[in-house]
Amino acid sequence: MDPSTHPVPIATFTINPTVDLSLEVARLRPEGKSRARLRSIRGGGGGINVARGVRRLGGTALALHTAGREVGARLNRLLDDEGLAHLPVDIGEDTREALVIAERESASSYHVVPEGPTLSAAEERHCLDTITRTARHCDYFVLSGSATPGLSAEFSATVARTVADAGAALIADIAGSQLTTMLAERVFLVRLDRVEAAALIGRPISGYDDACAANALLLERGACEHAITTVGALGAVCSDSNGHRVIAAPHLPPPRSDACAGDSLVAAITHQLAEDADVPLACELGVAAAAATVMLPGTDIFESATVDTLAARVRAVRATGSVTE
């Protein structure tokens with residue numbers, strides 16, 4: 001799909017996508033063979049999962065992603081077969097493959113992911129050129145997922161400037177050094193998980209107060225207009241210049257997999273924003289979408305009907321002073 005001739009409200013970019021092979025075993029054994037049932041083979045990675053979630057909610061999104069050699073060709077075929085609008089950027093090394101194992105006995109999931117290919121300087125520039133062209137023809141641009149090995153330290157910061165210059169709103173869900181350098185720019189919305197938020201404030205994120213502190217630090221730095229930090233099963237806190245809003249997730253059985261919970265949250269938020277919802281309400285649906293996803297094994301994501309059901313059980317309050325759980 002050419003975004004210049006087919007503008008879309010939402011575009012996403014995944015620099016390090018995967019082909020996810022999902023298996024189910026009765027019990028994962030340390031010796032012998034663990035007989036498995038193949039559950040699914042699908043394209044994955046942050047931005048691809050976000051685009052999938054937007055589509056599942058009835059929206060439209062274009063997923064930009066790298067694709068290399070034989071595995072990249074398989075990724076393209078999988079996305080085509082799924083009917084997900086996507087635009088590959090060719091690279092010289094193989095796209096990575098990941099293994100997801102769901103164990104029935106413990107209701108646990110194991111996600112084994114290699115580091116992925118290394119991009120050349122020319123391939124990085126090709127990615128940035130594709131992002132530039134696409135961002136001119138969308139309202140929201142989502143940068144999500146892990147980086148490739150050796151990625152230029154300034155890559156995500158350059159994406160932030162590029163998207164801003166194109167007039168689109170950037171939603172970022174990234175980690176590590178790419179997040180650190182990008183925070184020198186000002187973007188529309190940043191989503192932090194507990195690991196990145198803890199690194200930011202120098203202590204574990206154990207409750208809503210800690211999430212408020214992480215968001216406040218981002219806002220004080222001028223890194224974003226809106227911040228949302230997730231707090232596991234508790235839910236999340238979304239914040240802007242008007243203050244903090246605690247979003248309590250519905251009580252659920254023990255989660256089966258959190259592999260795509262963050263992507264589901266970002267998908268629902270972005271979809272709602274594209275539908276003209278305000279950020280706090282969009283974040284409430286995001287928490288419901290994440291909750292609907294953690295009940296599923298492996299890299300499965302929510303069904304829209306489940307999100308609607310759980311959204312009615314999400315509770316949101318404005319935080320004043322000390323926030324308790």
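**Helix H2 and the largest pocket**

On one side of helix H2, Glu70 and Asp81 are exposed. The model is a predicted one, and this helix is a convenient place to enter it.

H2 covers residues 69–82, which makes 14 residues. At 1.5 Å a residue these should span 20 Å, and the end C-alpha atoms are indeed 20 Å apart, so the expected and computed lengths agree. The buried residues of H2 are on the other side from Glu70 and Asp81: Val71, Gly72, Leu75, Asn76, Leu78 and Leu79. Viewed down the helix axis, the buried residues fall within an arc of 160°, and therefore they line one face of H2. Buried here means under 20% relative accessible area.

The cover over that face comes from several elements. Among them are helix H1 (46–56) and the strands E2 (18–25), E3 (36–44), E4 (61–68), E5 (86–91) and E6 (96–103). After H2 comes glycine 83, which has a positive phi, near 80°.

The second topic is the largest pocket, which holds about 1,300 Å³ of space. Its lining consists of 47 residues, and Arg191, Asp258, Ala259, Ala261 and Gly262 are the ones nearest its centre. Elements giving two or more residues to this lining include E2, H1 and E6, which also help to cover the buried residues of H2. The others that do so are strands E7 (108–112) and E10 (187–192), with helices H6 (194–201), H8 (261–274) and H9 (279–294). By residue class, the lining of the largest pocket has 20 nonpolar, 17 polar and 10 charged members.

How values were computed. Residues numbered from 1 in each chain as written. Predicted model: local features only at pLDDT ≥ 70, side-chain atom pairs only at ≥ 80, totals over all residues. Heavy atoms only, no water. Helix = DSSP H or I, 4+ residues; strand = E, 2+ residues; numbered from the N terminus. Expected span 1.5 Å × (residues − 1). Buried < 20%, exposed > 50% of the residue type's maximum accessible area, 1.4 Å probe, protein only. Arc of directions from axis to C-beta. Contact = heavy atoms within 4.5 Å. 1 Å grid on protein atoms, 1.4 Å probe; cavity = no way out; pocket = protein on both sides within 12 Å on 5 of 7 lines; lining within 4 Å. Points joined across faces, edges and corners; volume = space filled by probe spheres on them. Nonpolar A, V, L, I, M, F, W, Y, C, P; charged D, E, K, R; others polar.
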